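Reader: Hi! Could you walk me through this one?

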Amino acid sequence: MEKFEVLHSGAVPLPVENIDTDQIIPARFLKATSRDGFGENLFRDWRYDSKGSPKVDFVLNDERYKGQILVAGKNFGCGSSREHAAWAIYDAGFRVVISSYFADIFRGNALNNGILPLQVSEEVLQQLLDLVSQQPETTFTVDLQQQQLLVPAADIAVPFAIDAYKKECLLNGYDDIDFLVNQKEAIENYEKNRVWAY
Amino acid sequence: MAKSLFDKIWDAHVVKSIPGGLDVFYIDKHLIHEVTSPQAFAELESRNLPLFRKEQMVATADHNVPTKNQHLPIQDPLSRSQVDKLTENCGKFGIELFGLGHKHQGIVHVIGPELGITQPGMTLVCGDSHTSTHGAFGAIAFGIGTSQVTQVMASQCLLLSRPKRMRITVNGKLKAGVTAKDLILYVISRLGTGGATGYFVEYAGSAVRGLSMEGRMTVCNMSIEMGARGGMIAPDETTFNYLKGRPYAPQGEKWEQAVACWSTLFSDEDAEFEAEHVYDAADIAPMITYGTNPAMGMAINGTIPAEVAASEAFSTGKSLTYMGFAPGESLVGKEINYVFIGSCTNSRIEDLRQVAEYVKGKQKATHVEAIIVPGSKLVEKQAIEEGLDRILAEAGFELREPGCSACLAMNEDKIPAGAYCVSTSNRNFEGRQGPGARTLLASPLVAAITAVEGKIVDVTQFLN
Ligand code: SF4
C-alpha cells in the first residue's frame with residue numbers, strides 16, 4: 001500500500017446523497033480477476049451515455065475540476081461490499097473522499113486501499129461543496145499526521161477523526177494482513193478452546 | 001452482567017484486544033464466490049502466504065452464472081473466466097466447491113442455511129454485503145471487502161472495532177398478505193438508508209418470533225440496506241427444527257449438545273442497546289418502493305411523498321426523474337412489463353410456494369415477462385418434486401436455474417432501459433437490474449399479483 005502523508009490538491013464536487021456502490025462501479029464491470037483498470041468505469045453510467053460518449057454535464061467530464069479529492073454527499077458508498085468501488089476510485093486518481101457520512105464496509109475498504117475517508121459535519125460539507133462548485137481551482141490540504149483539513153483560501157481548518165491504528169497503517173503503508181499474520185500464535189491458542197464449533 | 005445476544009457471541013470470538021479499541025476477531029465460517037475472491041487469492045499468493053484454515057471455507061458460483069443451460073459452457077468469456085478461476089483456486093487450495101452442476105450449487109446465502117452450514121453462535125463472513133442473511137440463525141454474520149477476504153484466508157481473523165447495538169422490536173401480528181419482506185421494507189422506510197450505520201441489529205418481538213426461518217432470513221438479509229453491519233435473531237425452536245437433519249448440522253449426541261448451548265443464546269433481560277426502535281405489526285401494509293434506494297418505500301396503496309426535507313430534495317428529485325414518477329403520485333394502475341422473483345432475499349422454497357399458490361389456475365398478463373430464479377439447486381429440485389414447476393409454467397412463469405441473476409444483472413438477465421420491473425430482490429439502485437432499468441421492490445406475493453394483473457394494484461383487496 002502507498003504511504004499517505006500530506007496531500008495538496010484540488011477537489012471534485014459530487015453533491016449527491018446516498019451514492020451507492022452500483023453507481024460507483026456497476027456490477028457488469030466486476031468481471032475482471034485482477035485489481036487493475038477499474039478507474040475507467042468509475043461512475044460509468046453517470047459519466048457516459050449508452051453509446052459510450054461522455055455526458056458533458058457530469059463533473060468528471062468537466063475540465064475545470066481536477067484533483068485527488070472527491071467531495072460527495074452524505075452516506076457515501078452504501079450498498080454492496082464490492083471493494084471494486086474503492087479500487088475504481090483509487091485507480092481514477094483519488095486519494096481522499098470527503099463526506100459527512102460513510103457506509104461501514106466502504107469505509108473499511110477505502111482504508112485498506114490507501115484511500116482516506118474523511119468525515120466532516122454536514123455544515124462543513126455544504127461549505128466545501130459550495131466552495132469548489134463556485135471556485136473550482138481551490139486547493140485543499142489534507143494533513144493526516146495532524147488530522148487536519150485545510151482550505152487556506154477560505155480560512156477553513158477543520159480537524160477530522162481517524163482510528164489511531166488505521167492512521168499508522170496509512171502513514172506507513174501497512175495493512176491488516178501483515179498485522180494479523182503476526183498474531184498466529186494467539187490465534188492458534190484461541191483455536192484450542194473454540195466455543196460452539198460443531 | 002447482562003449481555004445482549006450480540007455481545008455473547010462477539011466476546012466469545014475475541015482472540016485478543018489491542019490498544020486503541022480494535023479486536024482480533026475469530027471467524028468460524030468463510031463463504032466465497034467467484035466475483036470477490038479472485039483478487040484475494042492472487043494477493044495471498046503474491047505475499048507467499050498459506051491458506052490458514054481451508055476446512056472452514058465453502059465456495060459456490062452464483063453471481064455471474066447463466067440461469068439457462070447451466071450444463072453448457074458459459075457463453076460470456078469474462079464470466080466464464082471468473083467461474084473457471086474459482087474452480088482453479090478451490091482445486092489448488094483444497095476448498096470445498098459447489099460449482100455449476102453440483103447438486104448443492106446456489107446463491108451463497110441460500111445454500112449456507114439450507115445445508116446447515118450456518119449455525120447459531122457462529123461468526124460467518126463472505127465477500128458480499130447480504131451475508132447479514134445468516135444472522136437469522138443467531139449468528140454474527142456480515143459482508144466484507146476483498147482485502148478482508150484475504151485477511152480471513154491468511155489468519156481466519158479480522159481486525160475490527162465493535163459496532164454499536166440496536167434492537168428493532170416488532171410487536172403484534174402481521175395482517176393477512178403482509179410478509180417478512182413487507183416488514184423489513186417498512187422498517188427501512190422508517191429508518192432510512194443510513195439509519196443503522198455503525199450498528200449491529202437484533203430483531204425481536206412477537207411478529208419477528210412468529211416468522212419462519214425463511215421469513216427471518218428475508219428480514220436479516222436487508223439489514224444492510226439501512227446501513228447496519230448485520231442483523232440477527234435469537235435462535236429458538238423454529239431455528240432448531242429448521243436445522244435438524246441438514247447435511248452439515250451436528251448429528252446425534254452432538255446435536256443434543258449443540259441445542260443445549262444454542263439455547264443460551266439470547267439477550268438477557270437487562271441487556272443494553274445504544275438504540276431501540278419499536279413498531280406495531282398492525283401498522284404494516286404490503287409495501288412497494290418508488291425510488292432508487294430501498295428506503296424509498298411505501299404502502300402499495302399509498303402515495304409518493306409530496307414534500308421532502310430540503311437537504312434531500314436534490315437526491316429525491318433525481319431519483320423520481322430516473323423512475324419516471326412524480327411527487328404525490330399513486331402507483332396503483334402503473335403498467336409493469338417485468339416481474340423478477342429471486343435473489344437471496346426471496347428465492348427459497350417458501351417464496352416459490354407462495355407464488356405458486358397464488359398463480360395456480362391463473363395466467364400472467366400477456367405483456368409481462370415473469371421469471372422465477374430459485375435460490376439453489378435444492379430449492380429447484382424441491383419445487384419440481386412438489387409440482388410447483390408445472391403450476392408456474394401453466395401460469396406463464398419461467399422457472400430458471402439457480403443464481404443471482406437479475407438481482408444484480410451481471411449475467412444476461414437484464415431489464416431493458418426504461419422498463420419497470422417488480423422485483424423481490426433487495427436493491428432498486430439506478431441501473432442495478434441493467435442500465436436504465438427501473439426497479440420496484442416488493443414481496444413475492446405482490447410480485448405474483450402484479451404479474452397476473454399486468455400493473456400495480458392495491459393488493460389489499462385481493463387478500464383474506
Ligand atoms: S442475490 Fe443479489 S444480493 Fe444476493 S448475493 Fe446475489 S447479487 Fe448479492
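Author: Happy to! Strand 15 and strand 16 (residues 369–372) of chain B run parallel and are joined by four bridges. Strands here are DSSP runs of E with at least two residues, helices are runs of H or I with at least four, and both are numbered from the N terminus; two strands pair if DSSP finds at least two bridges between them.

Reader: How does the chain get from strand 15 to strand 16 of chain B?

Author: The path goes through helix 12 of chain B, and this β-α-β crossover is right-handed. That means clockwise from the first strand over the helix to the second, with the strands pointing away from the viewer.

Reader: Cool! Which residue is the bridge partner of B:Phe340?

Author: B:Ile371, in strand 16 of chain B.

Reader: Before we go on, what kind of model is this?

Author: This is a predicted model: local features need pLDDT of at least 70, side-chain atom pairs count only at pLDDT 80 or more, and totals for chains, interfaces and linings use all residues. Residues are numbered from 1 along each chain as its sequence is written, chains are lettered from A and ligands numbered from 1 in the order written, and side-chain values use heavy atoms, leaving out hydrogens and water.

Reader: Got it. Where is B:Gly342?

Author: In the loop between strand 15 (338–341) and helix 12 (349–359) of chain B.

Reader: Is B:Gly342 buried or exposed?

Author: B:Gly342 is buried, with a relative accessible area of 0%. Buried means under 20%, exposed over 50%, and partly exposed in between, using a 1.4 Å probe and protein chains only.
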